[in-house]
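User: I'm new to this one. Can you walk me through it?
Analyst: Here it is.

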Protein chains: 2
Amino acid sequence: MMSPLRLGVLSLVAAFLFADLAGGARADYLVSETGSFYVGGRTVTLNDLPKRELVFTPGTPPVAVDPNGQFEVEQMYVQFVRLASPKARYPLLMWHGGGLTGVTYETKPDGKPGWQQFFLNQGHDVYVSDAVERGRASWARYPEIFKSEPFFRTEKEAWELFRIGPTWDADPAKRVAFPGVQFPVEAFDQFAKESVPRWATNDAATQSAYDALVEKTCPCVIVVHSQGGNFAFTAALHNPSKIKAIVAVETSGAPPASADITPLKDIPFLFVWGDNQNFYPFWKGIRVNIDRFANQLKTAGARVDVLDLPAEGVKGNTHMLMMDKNSDDIAERIQAWIGERGLMK
Amino acid sequence: MMSPLRLGVLSLVAAFLFADLAGGARADYLVSETGSFYVGGRTVTLNDLPKRELVFTPGTPPVAVDPNGQFEVEQMYVQFVRLASPKARYPLLMWHGGGLTGVTYETKPDGKPGWQQFFLNQGHDVYVSDAVERGRASWARYPEIFKSEPFFRTEKEAWELFRIGPTWDADPAKRVAFPGVQFPVEAFDQFAKESVPRWATNDAATQSAYDALVEKTCPCVIVVHSQGGNFAFTAALHNPSKIKAIVAVETSGAPPASADITPLKDIPFLFVWGDNQNFYPFWKGIRVNIDRFANQLKTAGARVDVLDLPAEGVKGNTHMLMMDKNSDDIAERIQAWIGERGLMK
């Protein structure tokens, strides 16, 4: 057990450590617990499947294996770092986008600290999750449990879809990035290691797991990227009083225009957008849809802010702006917005 | 930047925080960085595969998707928590067993802190990895890249193989555990969520990634479980001067008796074993093989210790002893052994 004297000293220390963080300086942070848990999921039993032939050692004959039995499936993995003396009123949940995992928010592909570390430095308890089917959440046999085949994103698709540049090539020297792009292009192949397969048929299970996460961990603030957006907006519709703010980073989906979004009127929203969307009909379409949703939120009475980086003179950001060279600059703007919403102590 | 005064205060604080940890008390710990990286892997290009039909939304017609392109595959994921003032001389690497990920060492299935947290509390920089094909390391299309089908461990197999008890049943009330078992049986289904599929044909890529991890992160101490054992012993053979100690927890494989293991003679080894092995010919066979390896190490001149828990009167531990109710007691014995080897400052 820790003595009252020791606790008192720790509080003083915490105050001392965080004293100059407003200036963006990094400091060490005092952690009470690093850990993880699973939420969501269900139990499935497979029966009557034929035995499979598996090769256990290349060059040796296949061995018959029985695939039948009971399995836990469709859970979500959540990792947390809890501070001894958080400066934020609520935990910060960081939700990734499609074909990726929570690694999105960890160290950047160029080895520099990412947003998880930034927001820990700023005094948030941080929860980084892997959605159903991704990373440490694991995946299940298809088509018996998951109802479709997975698909694997190519490096070419990542380069183009994430707006790093107009032309990908197998030879890194021949790849064409946007002028002044902020993504560390020399680390692109390192980034490609973060890709995980995705299924198109697990949305209901994924939403259910996110809802369970909100139920367990919130009230909270959510930072959400790309495909995760609609899961966050829907989770907020399911449990509006538990969400204290949503930072929607390059989110790609939203509830339909016909949805009643008045339950979201007390939640502040910050929409964050990178550069070069206008070169892509795909991104222009997404932007139109999310702008429509943002306007609906405003009409309903919600506080809505838009951090349109190129409009503010910050050029060259990609879809993966938490990995871009100026990721800390963007995070500082988000942190300032969180502070202005009264969400820091 | 942090001032020299501030750094001095932090050092004092760290000394103060760690002062009473020898007694097993928990305290907060000062972290300088939480982050992650990938090691190993290779670039693969798929050509000439037919387009696949994928169902993107259940009930709608399948869409043709081109699976060809360039991918990064066979990398390993490594997450680290680095302390501001580590008390250990070297980082502690924690390697998981078969069909599992680094989550093995995080919070236990019953929600209590696991070994990652224990060894952070003791002042180690801790690196927890997901081997090739597992968790955040991701996996690759088969049979085109991975050369076999994955297999999925059933809950029944986990209950029996991990020596939780003699009889599994779908109804938790009908499961039979060993008398006095230390595993938190009420959390068994939660534990089953940690399972990930495994392949039998990725050993060479996995060894190569572990070797790259040692090259990048060591000198170090390795805690390794189950299937991970032979990867650690082989990594030590490939790079003996970089491994300062190996804690082999219920390891299941070892280099063959014909291997020249004299390069390992300067590495201290601690072999840790749980209870109830004698009920299983499988485990008796493994024990004979690992005991043979341990004796070879002794003959070669290595320091070899065996923590045979039931022989020391600690009963009921399973194969997953880092998740058992007395996991901290076992970790304290490991920590004492690490200290006795001169590996703490």
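Analyst: Helices (H or I, at least four residues) and strands (E, at least two) are DSSP runs, numbered from the N terminus. This is a predicted model, where local features need pLDDT of at least 70, side-chain atom pairs count only at pLDDT 80 or more, and totals for chains, interfaces and linings use all residues. Residues are numbered from 1 along each chain as its sequence is written, and chains are lettered from A, ligands from 1, in the order in which they are written.

User: What phi does Gly301(B) take, just after helix 7 of chain B?
Analyst: Gly301(B) has a positive phi of about 110°.

User: Which residues of that helix 7 in chain B are buried?
Analyst: Ile286(B), Ile290(B), Phe293(B) and Leu297(B). They span an arc of only 50° around the axis, which puts them on the same side of helix 7 of chain B. The arc is that of the directions from the helix axis to the C-beta atoms. Buried means 20 or more other C-beta atoms within 10 Å of the residue's own, exposed means 12 or fewer, and partly exposed is in between, with C-beta atoms placed from the backbone.

User: And what is exposed on the other side of helix 7 of chain B?
Analyst: Among them are Pro281(B), Lys284(B) and Asn295(B).

User: Which strands do the buried residues of helix 7 of chain B pack against?
Analyst: Strand 9 (269-273) and strand 10 (304-308) of chain B. Contact is C-beta atoms, placed from the backbone, within 7 Å.

User: New topic: what rotation superposes chain A on chain B?
Analyst: A rotation of 180° with 0.0 Å of shift along its axis, at RMSD 0.0 Å. That is the relation of a two-fold axis. The superposition is by least squares on C-alpha atoms of residues with pLDDT of at least 70 in both copies.

Note on methods:
Contact = placed C-beta atoms within 7 Å.
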